[in-house]
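Welcome, and thanks for opening the viewer. Could you load the structure and follow along, one selection at a time?

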Amino acid sequence: MRQILLACTALLALSATAQAHEYQVGSLHIDHPWTRAMPPGAPTGAAYLVVHNRGETADRLLGADTPAADKAEVHEHVHQDGLMKMRQVEGGLAIPAGSAAVLEPGGTHLMLFGLKQPLEDGTRFPLTLHFEKAGDLQVEVAVQKDAPAAASEHQH
Ligand SMILES: [Cu+2]
């Protein structure tokens, strides 16, 4: 894990457009919250991030609030009747001790309903994450056209 993080840091340092930003609350470490840029008038968006739990107690991501949208929910994708559907994660998203919860395109995400502003490439907006044990943490969500390089490099 340490090697992967170092690789990401090096990559991000090389890229002027993908600035790393990370946050810490208690034993939780939050990596690069981001969302995909959307055309003006888009009603919904989805935010992604990684929550590393470096503590010895499991935690949960219960939800989030942002002035940029009416409502934010933790969603997961489920296969149902041969279709891919999204639904709210009941009881919050588990963040196991010594592990991580990954919110990424095609998987678990923070769904943003009723966008109040266009998600314009290169901008940021505040988002407050609600954790069951660690409490609230405000982060900034980076709006970008493409998925961050770090996300794909995590497979190395
Ligand atoms: Cu969703």
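This tour goes from the whole chain to the metal site.

**The whole chain.** Keep in mind that this is a predicted model. Begin by selecting the protein chain and showing it as a cartoon: it has two helices and 11 strands. Trace it from the start and you meet a helix, then the run of strands, and a helix again at the end, in the pattern α-β-β-β-β-β-β-β-β-β-β-β-α.

**The surface and the inside.** Now switch on a surface for the protein chain. About 8,600 Å² is exposed, and carbon and sulfur atoms supply 52% of that area. Of the 156 residues, 41% are buried. Contacts also reach along the sequence: among those between residues at least 6 apart, 67% join residues at least 24 apart.

**The copper ion.** Hide the surface and select the copper ion. Which residues coordinate it? Show His75, Met86, His109 and Met111 as sticks, and you will find the donor atoms ND1, SD, NE2 and SD, in that order, at 2.1 to 2.2 Å. The angles subtended by these four donor atoms run from 93 to 115°, so the arrangement is tetrahedral. In the sequence, the donor residues follow the spacing H-x10-M-x22-H-x1-M.

**The two histidines.** Next, colour strand 5 (residues 69–80) and strand 9 (residues 109–115). Histidine 75 lies in strand 5 and histidine 109 in strand 9, so the pair ties together parts that are 34 residues apart in sequence. Are these histidines buried or exposed? Both histidine 75 and histidine 109 are buried.

Technical notes
Residues are numbered from 1 along each chain as its sequence is written. This is a predicted model: local features need pLDDT of at least 70, side-chain atom pairs count only at pLDDT 80 or more; totals for chains, interfaces and linings use all residues. Side-chain values use heavy atoms; hydrogens and water are left out. Donors are N, O and S atoms within 2.8 Å of the metal (3.2 Å for Na, K and Ca); water is not among the atoms, so sites may look incomplete. Four donors count as tetrahedral if all angles lie between 85 and 135 degrees; four count as square planar and six as octahedral if opposite donors are over 155 degrees apart and all others between 65 and 115; anything else is irregular. Helices (H or I, at least four residues) and strands (E, at least two) are DSSP runs, numbered from the N terminus. Buried means under 20% relative accessible area, exposed over 50%, partly exposed in between (1.4 Å probe, protein chains only). Contact means heavy atoms within 4.5 Å. Accessible areas come from the Shrake-Rupley method with a 1.4 Å probe; for residues, only the protein chains shown count as cover.
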